[in-house]
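Me: I am new to reading protein structures, and I would like to look closely at a single part of this one. Could you take me through one helix slowly, and tell me what lies on its surface and what lies inside?

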Amino acid sequence: MKIAAIIARVLLGLTFLVFGLNGFLHFIPNQPMPPGLMSQFLDAMVKSQYQTVVSFFEVVGAVPLLVGRYVPLGLTILGPIVVNILIFHFLLAPSGIPVALVTAVLWLIVFIRVRRAFAGLFVQSAPE
């Protein structure tokens, strides 16, 4: 399981690093958008600079995963992004669901490996 977690951590880190940097450097050509709600949503994210902020956090979350230090921090930063990727594909772009699920599974594998770092979040009540 340790090797699988390392592979998942590196793959997840590389994925978010590449796509995060692409948000700034635009080295992956954009595909033409189909008309409709998905196009409007992505257009709003780009025009409002929201996508730039997401790209920044993708890079910031990817670095700890690739370095292998502060992995729980990287997972914490990337967790909401993974959830939003899943929601986006389930609601607006169903053709990307397999890739979104693979990303979520990679995140989950790494999370399971470092779950002890999150133990304090799963207590019933706060200590008094």
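Reply: What follows is a close look at the helix α1 and its surroundings. Please keep in mind that this is a predicted model, and that the values below are computed from it.

The helix α1 runs over residues 2-25, and with its 24 residues it reaches 34 Å from the first C-alpha to the last, which is close to the 34 Å expected at 1.5 Å a residue. Just after α1 comes H26, a residue whose phi is positive, near 55°.

Looking inward, you will find that A5, A8, R9, L12, G13, F16, G20 and N22 of α1 are buried, and that the buried residues of this helix pack against α3, α4 and α5, where α4 covers residues 71-91 and α5 covers residues 97-113.

Looking outward, there is a nonpolar surface patch of about 950 Å², and among the residues that make it are V18, F19, L21, F24 and L25, together with others such as F27, I28, V53 and F56. The largest share of this patch, five residues, comes from α1, while α3, which spans residues 50-67, is also a helix that supplies at least two residues.

One residue of the patch deserves a closer look, namely F24, which lies in helix α1. Because its relative accessibility is 40%, F24 counts as partly exposed, a class that sits between buried, under 20%, and exposed, over 50%.

Conventions:
Residues numbered from 1 in each chain as written. Predicted model: local features only at pLDDT ≥ 70, side-chain atom pairs only at ≥ 80, totals over all residues. Heavy atoms only, no water. Patch = residues over 30% accessible without salt bridge, like charges linked within 9 Å, V, L, I, M, F, W, Y side chains within 5 Å. Areas by Shrake-Rupley, 256 points an atom, 1.4 Å probe, with all protein chains shown as cover. Salt bridge = Lys/Arg side-chain N within 4 Å of Asp/Glu carboxyl O. Helix = DSSP H or I, 4+ residues; strand = E, 2+ residues; numbered from the N terminus. Buried < 20%, exposed > 50% of the residue type's maximum accessible area, 1.4 Å probe, protein only. Expected span 1.5 Å × (residues − 1). Contact = heavy atoms within 4.5 Å.
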